[in-house]
Amino acid sequence: MNSIQGGVFQQTNARSHTAAVTQHTLQSVDMLPWPARSPELSPIEHVWDIIGRQLHRHLQSALTVPALIHQVQQAWNSIPQTDIRHLYDTMHARLHACLRNSGDYTGC
């Protein structure tokens with residue numbers, strides 16, 4: 001990781017990011033401060049949330065990896081392009097809301 005000259009990394013305080021082994025590995029890397037209750041600003045995380053909600057609505061949970069892959073692909077393909085465009089178009093507003101709240105939860 002130290003080979004990226006001048007790089008600054010960001011982690012979202014997800015459980016895997018705050019694990020001791022991760023913290024030890026990243027101790028010599030410049031990290032942006034990130035409040036624990038900050039909103040998820042990455043549009044792809046919002047897409048995964050949409051997919052997760054769709055998977056929870058399935059009458060039968062996938063019992064095999066191929067079945068789960070199929071359900072995820074169906075959920076991904078069913079997201080309207082307008083929803084994806086909305087995530088892109090509202091990124092600026094989400095960033096401003098995050099800054100207004102000093103990085104804390106925005107409700108967006």
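These are my notebook entries on a predicted model of one protein chain.

**Entry 1. The chain overall.** I began with the secondary structure and found six helices and zero strands. Read in order of sequence, the pattern is α-α-α-α-α-α. I then looked up burial: 19% of the 108 residues count as buried. The exposed surface of the chain comes to about 8,300 Å², and carbon and sulfur atoms supply 58% of that area. For contacts between residues at least 6 apart in sequence, I noted that 52% join residues at least 24 apart.

**Entry 2. Helix α3.** I turned next to α3, which covers residues 43–56. I checked its length against expectation: the 14 residues should span 20 Å at 1.5 Å a residue, and the end C-alpha atoms are 20 Å apart, which agrees. I listed its buried residues as H46, V47, I50, I51 and Q54. These residues lie on the same side of α3, because they cover an arc of only 145 degrees around the axis. The general rule for such spacing is that an α-helix has 3.6 residues a turn, so residues three or four places apart point the same way. I also asked what covers the buried residues of α3, and the cover includes α4 (65–78), α5 (81–89) and α6 (91–100).

**Entry 3. A surface patch.** I looked for nonpolar residues on the surface and recorded a patch formed by I44, W48 and W76. Together these residues have about 320 Å² of accessible area. One of them, I44, is found in α3. I44 has a relative accessibility of 37%, so it counts as partly exposed.

**Entry 4. Helix α6.** I repeated the burial check on α6, where R94, A97 and C98 are buried. They cover an arc of only 100 degrees around the axis, and therefore sit on the same side of α6. On the other side of this helix I found H92, L99 and R100 exposed. The cover over the buried residues of α6 includes α3 and α5. I noted as well that S102 follows α6 and has a positive phi, near 55 degrees.

**Entry 5. The loop between α3 and α4.** I chose H58, which is found in this loop. With a relative accessible area of 30%, H58 is partly exposed. Leaving aside residues up to four places away in sequence, I found that H58 touches Q71 and Q74. H58 and Q71 are 13 residues apart in sequence, and their C-alpha atoms are 8.6 Å apart in space.

**Entry 6. Salt bridges.** I searched the whole structure and obtained two salt bridges. In one, the side chains of R53 and D49 meet at 2.9 Å, N to O. Both residues lie in α3, four residues apart, about one turn of the helix. R53 is partly exposed at 42% relative accessibility, and D49 is partly exposed at 41%.

D89 also forms a salt bridge with R85, with the closest N and O atoms 3.2 Å apart. D89 and R85 are four residues apart in α5, so about one helical turn separates them. I recorded D89 as partly exposed, with a relative accessible area of 46%. R85 likewise counts as partly exposed, at 46% relative accessibility.

Conventions:
Residues are numbered from 1 along each chain as its sequence is written. This is a predicted model: local features need pLDDT of at least 70, side-chain atom pairs count only at pLDDT 80 or more; totals for chains, interfaces and linings use all residues. Side-chain values use heavy atoms; hydrogens and water are left out. Helices (H or I, at least four residues) and strands (E, at least two) are DSSP runs, numbered from the N terminus. Buried means under 20% relative accessible area, exposed over 50%, partly exposed in between (1.4 Å probe, protein chains only). Contact means heavy atoms within 4.5 Å. Accessible areas come from the Shrake-Rupley method with a 1.4 Å probe; for residues, only the protein chains shown count as cover. Patches are made of residues with over 30% relative accessible area and no salt bridge: like charges are joined within 9 Å, nonpolar side chains (Val, Leu, Ile, Met, Phe, Trp, Tyr) within 5 Å. A salt bridge is a side-chain nitrogen of Lys or Arg within 4 Å of a carboxyl oxygen of Asp or Glu. The expected span of a helix is 1.5 Å times one less than its number of residues. The arc is that of the directions from the helix axis to the C-beta atoms.
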